[in-house]
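Here is a quick tour of one chain, from a few single residues up to the whole fold. Have the model open while you read.

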Amino acid sequence: MKIIIVGLGKVGMTLAAELCNEENDVTVIDQKEELVEDATGQYDLMGITGNGASHQIQMEAGIENADMLIAVTGSDELNLLCCLMAKSSGKCHSIARVRNPEYNSEIAYIRDNFHISMILNPDLVAALEISRNLKFPSAIDVDSFAKNRVDILKFRVKEGSVLNGLRIADLSRKVHGNILICAIERGKELIIPDGNTILREKDQIAIVGGSNDANQFFRQVGIISNQVKNIMIVGGSPMAYYLAKLLGAVGIRVKIIEKDYSRCEQLSEMLPKATIVHGDGTDKELLLEEDLEKYEAFAAMTNIDEENILISLYAKKMGGQKKIITKVNRIAFDEVIRELDLDTIVHPKNIVAEMIIRYARSMKNSYGSNVETLHKIIDGKAEALEFIIRGSSRVTGKTLQELPIRKGILVACIYREGKIIIPGGSDRMQTGDSVIIITQEKGLDDIEDILA
């Protein structure tokens with residue numbers, strides 16, 4: 001597909017890398033020449049320096065023949081204008097990033113009346129992901145499928161766990177429940193397991209199942225699975241606002257520490273159920289005064305990655321079973337951050353990129369079986385994809401053991417008419433099913449791509 005990306009910030013560069021890797025024809029536009037040069041030097045794409053909302057610049061980028069324009073500049077208004085200009089100049093799909101909370105209640109109106117294909121608010125999307133994680137505090141990551149009816153949860157096998165040294169084929173003798181271990185990260189190695197795989201201490205394991213099944217599994221292996229009752233958030237960013245609003249609606253008590261006094265006043269008005277504290281969240285004395293050790297969850301959401309990492313480490317050092325969430329904007333230090341043994345690390349730009357890539361793949365196959373949901377799992381080493389089988393297909397009508405499924409691909413779950421099926425070799429996929437696939441390969445955009 002021919003895709004135009006306007007804006008080469010963190011999200012734009014992430015998208016450029018991912019979409020080029022999937023063999024799309026990518027053109028990037030930015031007003032800063034050095035960013036354009038950086039992108040063209042790193043990836044196989046065309047770059048244009050200029051205003052992405054300009055008709056002339058869009059024509060130069062090939063908007064008349066483009067399949068999609070993605071506007072992710074730092075300005076909401078410019079992103080919307082880019083999409084409007086693209087609609088008037090071509091016939092492509094358009095996606096705009098809009099972050100201002102003032103527009104949030106009007107997103108559906110803007111999208112429908114200005115014919116924009118998708119409007120994404122990265123802060124809201126990230127807050128939704130964090131709120132899901134807080135339902136399973138012992139999980140490192142939680143990704144949802146089948147309209148939130150099926151989850152993939154990642155957690156770490158701790159010292160003394162009943163899972164340590166257990167062969168997956170023997171799991172059902174010790175643990176009862178409708179779940180499947182679908183991926184394992186062991187050091188830098190990714191394992192798509194089979195029955196003979198043996199679990200080890202420090203493994204990071206991804207399981208798939210329904211929420212109740214996952215809770216039952218966690219209880220049986222001695223992992224705390226109750227939703228948290230309270231959380232302390234450092235940083236009064238828009239993401240913190242959305243998260244506090246979501247959590248307050250389900251009865252979770254929220255305290256936000258913010259050092260900008262005027263922002264504290266705004267938050268107090270917008271979040272009457274939350275406790276807002278004016279102060280520096282990097283001051284450990286303040287954290288102690290505000291009873292950090294009594295909170296079941298802690299989220300570091302300042303705009304400075306280093307601050308978030310340091311205060312998260314301090315909160316973890318306070319002990320207990322506290323759930324730690326750390327917002328990180330940059331990707332460069334991923335390997336170092338993973339070695340710090342933090343709990344849940346949130347990359348807002350990666351979440352947005354996943355949603356846009358899913359949309360792009362779905363466009364490649366408008367019929368048959370679209371990519372309904374896409375999540376990177378095990379630190380991006382694998383993908384979990386949800387396909388809905390909309391018509392007859394080469395994957396239907398045969399048992400899984402009869403299908404020539406490619407190596408490194410696992411059919412992890414089938415959701416059929418309200419029932420979650422953890423499939424075995426004798427199960428079959430049918431028209432209408434939602435099917436979750438785990439794969440180390442990238443670029444799958446149709447369920448038939450799993451076949452050799």
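Let's settle one term before anything else: a polar contact is a pair of N or O atoms within 3.5 Å, where, within protein, one must be able to donate a hydrogen and the other to accept it, and residues adjacent in sequence count only if both atoms are side-chain atoms. By that rule, the side chains of S434 and E386 make a polar contact of 3.3 Å.

Some housekeeping on where the values come from. This is a predicted model, so local features need pLDDT of at least 70 and side-chain atom pairs count only at pLDDT 80 or more, while totals for chains, interfaces and linings use all residues. Residues are numbered from 1 along each chain as its sequence is written, and side-chain values use heavy atoms, with hydrogens and water left out.

**Three residues up close**

Back to S434, which sits in strand β22 (residues 434-439); strands are DSSP runs of E, at least two residues long, and helices are runs of H or I, at least four, all numbered from the N terminus. Is S434 buried or exposed? S434 counts as buried, because its relative accessibility is 9%; the cut-offs are under 20% relative accessible area for buried, over 50% for exposed and partly exposed in between, using a 1.4 Å probe and protein chains only. Contact here means heavy atoms within 4.5 Å. If you skip residues up to four places away in sequence, S434 touches E386, F387, I388, C413, I414 and Y415. The C-alpha atoms of S434 and Y415 are separated by 5.0 Å, with their positions 19 residues apart along the chain.

Now try H278, which belongs to strand β14 (residues 275-278). H278 has a relative accessible area of 44%, so it is partly exposed. Its side chain reaches the backbone oxygen of K259 at 3.1 Å. K259 also turns up in the list of residues that H278 touches beyond four places in sequence, alongside E258, D260, Y261 and C264. With E293, 15 residues apart from H278 along the chain, the C-alpha separation is 19 Å.

S89 is the third stop, in helix α4 (residues 76-89). S89 is buried because its relative accessible area is 12%. The side chains of S89 and H55 are joined by a polar contact of 3.0 Å. Apart from neighbours within four places in sequence, S89 is also in contact with Q58, M59, I63 and E64.

Here are the three side by side.

| Residue | Relative accessible area | Polar partner and distance |
|---|---|---|
| S434 | 9% | E386, 3.3 Å |
| H278 | 44% | K259 backbone oxygen, 3.1 Å |
| S89 | 12% | H55, 3.0 Å |

**One helix and its surroundings**

Which residues of helix α8 (residues 211-220) are buried? They are D213, A214, N215, F217 and F218. The buried residues of α8 pack against β8 (150-156) and β11 (204-209). After α8 comes G222, with a positive phi near 80 degrees.

**The whole chain**

Zooming out, the chain has 14 helices and 22 strands, and 56% of its 452 residues count as buried. Along its principal axes, the C-alpha trace spans about 65 × 65 × 40 Å. Among contacts with a separation of 6 or more, 61% come from residues 24 or more positions apart.
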